Amino acid sequence: MRTPLNFIFTMAFLCSGIASADDGWSLEAGGEYADIGISGGTTSWSAGRLQIAWRDETRGGARFALEPQARGSLRDVAVVAGGFRHLGGWTVSGEAAFTPSADFYYERAGELELARRLGGGFVAHAGFRRLEFASADVDIWMPALSRYASWGEVQVRGFVGRNRKAGTDSIAVLSRGAVQVSRVVRIEGGIAVGERIFDVTS
């Protein structure tokens, strides 16, 4: 499957009234929707997020989330926990997740990332993600460059994937941005180009 171009739109409401850039506790609800084509057919994919998080800008933070996923008529809900820690100019982050009784989404997932602040609001990232499905195990390497500013952020991230069971490889690039409209509303959007953007098991 090859999906040449996909547009992703997200609106996130920070229900606590605390913007994600602030320290302390926050509650966030948001979602994404995309119309996609796979193997000559069309379907839709939507993803939601209900998250509680805590952060201290000088030290780090943690989050716990429920992420409902819908692909056509199928429904899954992933349970996600993660955190990050600042170490001077470096940031180390990690995440673990599982999906009870998964129909199409991963059964288990893990991610590690190392980021380095470069100055001028730029941050370089190097990440690794492991996804375990019922029919496939997928490794994904993720280099990225971000730019953070008072109005929001932009990021370009690459995905170099390897399906360990099928022996197939894939490459994709995602460019996305976020604008903080107010202390409680953030709007995000993105464009993805590449292979297996919505189905890394194919």
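Is Glu-132 buried, partly exposed or exposed? Glu-132 is partly exposed, with a relative accessible area of 22%; buried means under 20%, exposed means over 50%, and partly exposed is in between (1.4 Å probe, protein chains only). Keep those cut-offs handy for the views below.

A quick note before we zoom in. This is a predicted model, where local features need pLDDT of at least 70 and side-chain atom pairs count only at pLDDT 80 or more, while totals for chains, interfaces and linings use all residues. Residues are numbered from 1 along each chain as its sequence is written, and side-chain values use heavy atoms, with hydrogens and water left out.

**View 1. The whole chain is built from 12 strands and 0 helices.** Both kinds of element are DSSP runs numbered from the N terminus: helices are H or I with at least four residues, and strands are E with at least two. Of the 202 residues in the chain, 37% are buried. Take the contacts (heavy atoms within 4.5 Å) between residues at least 6 apart in sequence: 42% of them join residues at least 24 apart. The accessible surface adds up to about 10,700 Å², and carbon and sulfur atoms own 62% of that; such areas come from the Shrake-Rupley method with a 1.4 Å probe, and for residues only the protein chains shown count as cover.

**View 2. Arg-108 and Glu-132 shake hands in a salt bridge.** The term means a side-chain nitrogen of Lys or Arg within 4 Å of a carboxyl oxygen of Asp or Glu. In this one, N and O are 2.8 Å apart. Arg-108 sits in strand β7 and Glu-132 in strand β8, so the bridge ties together parts that are 24 residues apart in sequence. Like its partner, Arg-108 is partly exposed, here with a relative accessible area of 46%. The structure holds 16 salt bridges.

**View 3. Asp-139 has salt bridges with both Arg-130 and Arg-164.** The N to O distance is 3.3 Å for Arg-130 and 3.1 Å for Arg-164. Arg-164 lies in the loop between β10 (152–163) and β11 (168–180), while Asp-139 is in strand β9, so this pair links parts 25 residues apart in sequence. Asp-139 is buried, at 10% relative accessible area, whereas Arg-130 is partly exposed at 26%. Elsewhere, salt bridges with shared partners join Glu-28, Glu-32, Arg-49, Arg-176, Arg-186 and Glu-188 into one network.

**View 4. Trp-45 and Phe-104 form an edge-to-face aromatic pair.** A pair of aromatic rings is described by the distance of the centres and the angle of the planes. Rings of Phe, Tyr and Trp (its six-membered ring) pair if their centres lie within 6.5 Å; planes under 30 degrees apart count as stacked, over 60 as edge-to-face and the rest as tilted. By this rule there are 4 aromatic pairs. Here the centres are 5.3 Å apart, with 85° between the planes. Trp-45 belongs to strand β3 (residues 41–56) and Phe-104 to the loop between β6 (90–98) and β7 (108–119), so the pair connects parts that are 59 residues apart in sequence. Both Trp-45 and Phe-104 are buried. Together with Tyr-105 and Tyr-106, Trp-45 and Phe-104 make one aromatic cluster.

**View 5. Phe-128 and Trp-141 form a tilted aromatic pair.** Their centres are 4.6 Å apart and their planes meet at 50°. Phe-128 is in strand β8 (residues 122–132) and Trp-141 in strand β9 (residues 137–149), so parts 13 residues apart in sequence are tied together. Phe-128 is partly exposed at 25% relative accessible area, but Trp-141 is exposed at 52%.

**View 6. Seven side chains make a nonpolar patch on the surface: Trp-25, Leu-27, Leu-50, Ile-52, Phe-64, Leu-66 and Val-77.** Patches use residues with over 30% relative accessible area and no salt bridge; like charges are joined within 9 Å, and nonpolar side chains (Val, Leu, Ile, Met, Phe, Trp, Tyr) within 5 Å. This patch has about 640 Å² of accessible area together. Strands β2 (24–38), β3 and β4 (60–71) each give two or more residues to it. Trp-25, in strand β2, is exposed at 55%.

**View 7. Gly-48 is a buried residue in strand β3.** Its relative accessible area is 18%. Beyond neighbours within four places in sequence, Gly-48 is in contact with Gly-30, Gly-31, Leu-66, Glu-67 and Pro-68.
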